[in-house]
Amino acid sequence: MTQFPERVFSGMQPTHTLHLGNYLGAMVNWIAMQETHSCIYCVVDLHAITVFQDPGELVGNIRQVTAAYLACGLDPKRSIIFNQSQVHAHAELAWVFNCVARLGWLNRMTQFKEKAGKDRENASVGLYAYPNLMAADILAYRATHVPVGEDQKQHLELARDIAQKFNNDFAAAIAAHGHGDAFFPLPEPMITGPATRVMSLRDGSKKMSKSDASDLSRINLTDDAEAIAQKFRKARTDPEPLPSETAGLAGRPEADNLVGIYAALAGMTKESVLREFSGAQFSTFKPALSDLAVERLGPIAAEMRRMMDDPGYIDGVLADGAERASAIAVPIMDEVKDVVGLLRTVRAGLPAG
Ligand code: AQP
């Protein structure tokens with residue numbers, strides 16, 4: 001079996017400011033993985049436009065999400081940080097994958113069903129094909145590991161199916177071009193953050209999301225101490241005090257979510273949080289949670305503000321990252337063209353026409 005060197009790829013959409021779910025579900029892992037892996041972290045702007053974005057706001061959000069990456073601790077010297085639209089291989093490979101993936105596979109994607117809602121006929125074709133673009137993001141670099149939150153598990157499974165089908169469909173050409181028995185690795189999801197599914201503060205059955213109409217549903221990385229305290233104060237809960245053991249959180253999704261957030265921010269287990277707050281009312285627990293969140297997120301917000309005052313620096317990081325990402329993805333995309341049988345006239349040195 002062809003062996004692929006370990007490489008990490010992941011991305012976030014610049015649809016709004018990043019929130020606590022993005023941070024605890026993915027970012028904390030991204031930061032840790034810099035220590036052990038070669039990492040590529042993308043601001044996935046092509047994914048963002050699957051739902052209409054105001055162009056002026058999108059430009060600002062791309063810079064702001066990049067500022068969040070840097071403020072959280074991604075190091076542009078160690079990791080490659082760029083915005084997706086600047087590396088052409090993503091869109092090119094996505095088209096090839098549109099021709100590999102099956103309609104039946106995409107019809108099963110729950111995120112499309114949730115985001116398209118009842119007005120499915122009016123959803124963009126891009127929203128439907130989103131998972132194919134995500135597979136292209138990862139495989140354009142032959143990435144082997146993808147740290148994501150739990151909501152992305154199904155999309156990662158689809159990326160593995162696409163890689164496998166490509167390897168099967170083109171097996172003869174892959175071998176003929178010297179790539180052994182696999183052109184693409186089957187990327188592994190890494191769903192191991194301190195809180196892989198952070199829920200909305202207004203509804204314990206929905207995940208915390210950038211696109212939720214209610215800003216009270218999420219803690220944004222840009223929120224100040226007052227906003228954080230207000231959002232936790234207004235967070236939906238039940239009237240019971242906190243239990244002494246995690247079994248007591250069963251059937252109490254909002255309480256479970258807040259205890260999970262506390263545990264993740266403090267680097268504790270839920271069990272130890274409950275030992276500390278056993279029997280406490282939310283009127284005691286919520287202020288403690290707010291203080292902890294402000295302590296952890298305050299420095300990130302301050303650093304983001306500092307960076308947003310210097311857009312030239314942010315743009316420089318993205319331009320450098322796009323160049324380094326292209327240097328990896330373009331040769332792989334050229335090989336894809338060879339394998340698929342798309343004649344490369346210019347680079348092959350053949351006369352055009
Ligand atoms: N609530 C969450 N809990 C844990 N992880 C989460 N992630 C998102 N929400 C949570 C993880 O964050 C990464 C980036 O997500 P994304 O920006 O690509 O889009 P998303 O998953 O669709 O997140 P949102 O916030 O819900 O964005 P919108 O509303 O714009 O669609 C991913 O690894 C994701 O798992």
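Here a trainee and a mentor talk through the pockets and cysteines of this predicted model.

Trainee: How much space lies in the largest pocket, and which residues lie nearest its centre?

Mentor: Happy to start there! The largest pocket holds about 1,200 Å³ of space. Its lining is made up of 50 residues. Those that lie nearest the centre are Gln111, Lys115, Asp151, Gln152 and Lys207.

Trainee: How many residues of that lining of the largest pocket are charged?

Mentor: Let's go class by class. The lining of the largest pocket has 18 nonpolar residues and 21 polar ones. Elements that each supply at least two lining residues include strand S1 (8-12), helix H1 (20-33) and helix H8 (153-169). The charged residues in the lining number 11.

Trainee: Where does the second largest pocket lie with respect to the domains?

Mentor: Good one to picture. About 240 Å³ of space lies in this second largest pocket, and helix H11 (residues 253-266) gives the largest share of its lining, six residues. Domain 1 (7-196 + 310-340) and domain 2 (215-307) both contribute lining residues, so the second largest pocket lies between them.

Trainee: Is Cys72 buried or exposed?

Mentor: We can use the cut-off here: buried means under 20% relative accessible area. Cys72 has a relative accessible area of 11%, so Cys72 is buried.

Trainee: How many disulfides does the structure hold?

Mentor: Take the sulfur of Cys72 as one case: the closest cysteine sulfur, in Cys39, is 15 Å away, which is too far for a bond. A disulfide needs the two sulfur atoms within 2.5 Å. Across the structure, the number of disulfides is zero.

How values were computed:
Residues numbered from 1 in each chain as written. Predicted model: local features only at pLDDT ≥ 70, side-chain atom pairs only at ≥ 80, totals over all residues. Heavy atoms only, no water. 1 Å grid on protein atoms, 1.4 Å probe; cavity = no way out; pocket = protein on both sides within 12 Å on 5 of 7 lines; lining within 4 Å. Points joined across faces, edges and corners; volume = space filled by probe spheres on them. Helix = DSSP H or I, 4+ residues; strand = E, 2+ residues; numbered from the N terminus. Nonpolar A, V, L, I, M, F, W, Y, C, P; charged D, E, K, R; others polar. Domains from an automatic or database assignment. Buried < 20%, exposed > 50% of the residue type's maximum accessible area, 1.4 Å probe, protein only.
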